[in-house]
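Fresh page in the notebook today. I wanted to look up a few backbone oddities and then one strand in its surroundings.

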Amino acid sequence: MSKYHIQGLEEYFQVYRTSVDHPEKFWEQIADEHFSWQKRWDSVLNWDFTKPEVTWFAGAQLNITENCIDRHLATRGDKTAILFEPNDPNDPAEHITYTQLHKRVCAFANVLKDQGIQKGDRVCIYLPMIPELAISVLACARIGAIHSVVFAGFSATALSTRINDASCKMVITSDGSFRGSKTIDLKGIVDEALDQCPSIQSVLVARRTHTDIQMKEGRDHWLQPLLDKAATDCPIEVMDAEDPLFILYTSGSTGQPKGMVHTTAGYMVYSAYTFKNVFQYQEDDVYWCTADIGWITGHSYIVYGPLLNGATTVMYEGVPAYPDWGRFWQIVAQHKITQFYTAPTAIRALAKENLDFVEAYDLSSLKVLGTVGEPINEEAWHWYNDNIGKKQSPIVDTWWQTETGGIMISPIPFATPTIPTFATLPLPGIQPALMDEHGKEIHGNQVEGRLCIKFPWPSMARTIWGNHQRYKETYFSAFAKMYFTGDGALRDATGYYRITGRVDDVIIVSGHNLGTAPIEDAVNEHPAVAESAIVGFPHDIKGNALYGYVILKETGETRNHNNLRKEINQVITEKIGPIAKLDKIQFTTGLPKTRSGKIMRRILRKIASKDTSNLGDTSTLLNPEVVEEIIENALV
Ligand code: WT7
């Protein structure tokens, strides 16, 4: 019985048992049977959560792109690896076969080498969802450069912070990007960012929008002429199992984003294994994940996981509403998509529109539907199940994180019975634990607590770039010898998990992970602002929206409050990006604080959510009187 592909509930339980009883044997067999290695490992797993230190397949040597591309050339050379669907529905889709992908990745890798990029160097990729994005990721991996993809919706300030944190040597970008009917001046954003980035030596620019842009002599190079001259074969760089593959930033409880470091072998094994099982990918399937490669979902389940399995993976450049709200379904029908993976926020937005947009298209190719990024509410789940899956396609509600590298808790379609709002059962190798507030594990079923993982899995992030101490404090200090996820969860009578949401200062807005601290830092930069506190409140489409409480420096501030609100959101857009804009801004004279000076966000959250009947214990507040004022002026 091959453990690589699970095909029923009984089999899942058996495999899960083996993975917990004999984790090293379990992962070793998968690693042996499904990947190419330049050298086999000396040990499967070494770990110590107190340091914390984890290695998988130590001593092994490999290159992940050999496994993503070269390994398939003999059997799948003419198969489409990447199917690119452009923003404009009138432009033709592009089918990139495995043979063509090999050539394009090799040529790109040679360009990187010509530009002086070597193994271990960091390369920042700031590109829209065009083939060059996936190709540049793979080109970095081929030569052992560490890619740091920054989502192309981030602002110049956010981009420069990330470039500087990892001392990147190069930026790969494009002249501009298309998003629906808009054209965005990406290169202009890069130019602005690079005023603050001394480590950058060169910039490669892909042509997409043909926008008129500035090219800085000696620093900026058009990509295509360099590719045209490059050889289309490039030997792999032989990497150690634990060499970093990429850095990907996620927000945290301080202003500085955390550069999560993922390493080579464990990430490869786990992203491939989970892709195969969670999506039940079959040879002729056409798989589409609507995420952006700028997020972990795109890294693991647009690029690496699918290609490691020799799959056809769709990259869509545009947005769900262009040219109209039927676009997703038109793409599903046109390319006969078999697996469709998206975010609850997108489902809620689509569900608000007329059903004619769905019914105009033949969705009968669909076999599996997926969601990721935030809890899915029951209504959205049913809309998805009824109208997209026609009650025939199981929905996999996949819980995981940038830090986990791969899906952790999810149904296995056609095996695990699904229930709306439940991510259901841990995948093989994943050992969840629910913890109480005293740091003790809560055993048994029908319990709720903080979600931890008590045993290492191959694709866990190994550190925060340049700050191992912060890694330890953030993930391994709340509970002894446990990885703490930051989420709350409950386990029902059958052992199914339901993720209840963040229990820390992270708010998930439209599936994007936003820390309150960086947004507060941005708001406080407005010259009129003295102090601020940001909380989330429930929102029909976005899941959560942001509510800001702002104290102005001068109480007699004469400027129009609505203008101030616009200005504050402008600062946020500049410092972080439009995704972090506040939906509501309430001006107040004070914030509820404890005697130690900590803002009581619990109270602010309740007020923003119109839930003021029971504010809990306010006796420890330094300034209880301010709560009345805030409730009176609340924007609800
Ligand atoms: C946080 C991680 C992992 C891909 C995208 C987000 C929330 C993620 C689910 C789900 C409930 C979910 C959690 C998690 N989350 N998936 N299926 N059900 N919540 O990655 O930006 O690192 O965010 O997203 O709160 O901790 P991320």
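Before anything else, I note what I call a strand: a DSSP run of E with at least two residues, numbered from the N terminus. I also keep in mind that this is a predicted model.

**Entry 1: cis peptide bonds**

I started with the backbone, since most peptide bonds are trans. Which bond near the start of my list is cis? I found the one from Lys51 to Pro52, with omega near -20°. Pro52 sits in the loop that links strand E1 (43–48) to strand E2 (53–58).

I then looked up the bond from Tyr322 to Pro323, and this one is cis too, with omega near -5°. Its Pro323 belongs to the loop between strand E17 (312–316) and helix H11 (327–335).

**Entry 2: positive phi**

Next I turned to phi, which is negative for most residues other than glycine. Lys336 is not a glycine, yet I read a positive phi of about 50° there. I placed Lys336 in the loop between H11 and strand E18 (339–342). Is Lys336 buried or exposed? Its relative accessibility is 58%, and the cut-off for exposed is over 50%, so Lys336 counts as exposed.

Lys610 went on the page as well: it has a positive phi of about 60° and is not a glycine. I located Lys610 in the loop between helix H18 (601–608) and helix H19 (625–632). With a relative accessible area of 63%, Lys610 is exposed.

**Entry 3: strand E8**

After the loops, I went to strand E8, residues 170–174. How many residues of E8 are buried? Five of the five are, so the strand is largely enclosed by the rest of the structure. For my own reference, buried means under 20% relative accessible area.

I checked the two faces separately, because side chains alternate between the two faces of the sheet in a regular strand. On one side of E8 I listed Met170, Ile172 and Ser174, and on the other Val171 and Thr173; all are buried, and both faces are covered.

**Entry 4: neighbours of E8**

Which strands pair with E8? Strand E6 (residues 122–125) does so in the parallel sense, over three bridges. Within that pairing I noted Ile125, whose bridge partner in E8 is Ile172.

Strand E11 (residues 202–206) also runs parallel to E8, and five bridges join the two. Here I marked Met170, which stands opposite Ser202 in E11. Met170 and Ile172 thus appear twice in my notes, as both are also on the buried list for one side of E8.

Technical notes: Residues numbered from 1 in each chain as written. Predicted model: local features only at pLDDT ≥ 70, side-chain atom pairs only at ≥ 80, totals over all residues. Heavy atoms only, no water. Helix = DSSP H or I, 4+ residues; strand = E, 2+ residues; numbered from the N terminus. Buried < 20%, exposed > 50% of the residue type's maximum accessible area, 1.4 Å probe, protein only. Pairing = 2+ DSSP bridges.
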